[in-house]
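Colleague: Thanks for sitting down with me over this one. Could you put it on the screen, and then we can go through it together?

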Amino acid sequence: MWLAIVLACSTPYAQSCIVFAKQEELFVTEELCKEETDRVTLMMQSQGMFARPACFKIGTNLKE
């Protein structure tokens with residue numbers, strides 16, 4: 001299962017950033033997760049925000 005996350009910032013400063021996680025809906029494949037994060041990222045960018053997508057596999061350790 002994959003968790004979709006988008007980091008969105010209203011200015012280039014870190015204080016304006018918010019992390020959006022779609023925790024109510026996990027994705028079965030990384031491809032489906034990336035499709036969702038790309039869609040949300042494009043929507044936020046069209047509203048003048050800086051946005052970066054990411055997908056994290058549930059149950060893995062980031063230090064590995």
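Colleague: Let's start with E36: is it buried, partly exposed or exposed?
Modeller: Happy to, and please keep in mind that this is a predicted model. The relative accessible area of E36 is 14%. The limit for a buried residue is under 20%, so E36 counts as buried.

Colleague: Which residue meets the side chain of E36 in a salt bridge?
Modeller: The partner sits in helix 1, three residues from E36, and about one helical turn separates the two. That partner is partly exposed, with a relative accessible area of 48%. The N to O distance in the salt bridge is 2.8 Å, and the residue is R39.

Colleague: Nice. Which residues are linked with E36 and R39 in a network of salt bridges?
Modeller: Look at the pair whose closest N and O atoms are 3.3 Å apart, K22 and E25. K22 is partly exposed at 21% relative accessible area, and E25 is partly exposed too, at 35%. The residues that join E36 and R39 in the network are K22 and E25.

Colleague: And how many salt bridges does the count come to?
Modeller: Another of them joins K34 and E30, with the closest N and O atoms 3.5 Å apart. Those two both lie in helix 1, four residues apart, about one turn of the helix. The full count comes to four.

Colleague: Let's move to T41. Which residue offers a backbone oxygen to a polar atom of its side chain?
Modeller: T41 lies in helix 1, which spans residues 30-46. T41 is buried, at 7% relative accessible area. Its side chain has a polar atom 2.7 Å from a backbone oxygen, and that oxygen belongs to T37.

Colleague: Leaving out residues up to four places away in sequence, which residues does T41 touch?
Modeller: Touching here means heavy atoms within 4.5 Å. With sequence neighbours up to four places away set aside, the list for T41 is V6, A51, R52 and P53.

Colleague: Now L3: what is its relative accessible area?
Modeller: L3 lies in strand 1, residues 2-9. Residues up to four places away aside, L3 touches K22, Q23, L26, C33, A54, C55, F56 and I58. L3 counts as buried, and its relative accessible area is 16%.

Colleague: Last one: in what order do the elements run from the N terminus on?
Modeller: The protein has one helix and three strands. From the N terminus on, the order is β-β-α-β.

Key. Residues are numbered from 1 along each chain as its sequence is written. This is a predicted model: local features need pLDDT of at least 70, side-chain atom pairs count only at pLDDT 80 or more; totals for chains, interfaces and linings use all residues. Side-chain values use heavy atoms; hydrogens and water are left out. Buried means under 20% relative accessible area, exposed over 50%, partly exposed in between (1.4 Å probe, protein chains only). A polar contact is a pair of N or O atoms within 3.5 Å; within protein, one must be able to donate a hydrogen and the other to accept it, and residues adjacent in sequence count only if both atoms are side-chain atoms.
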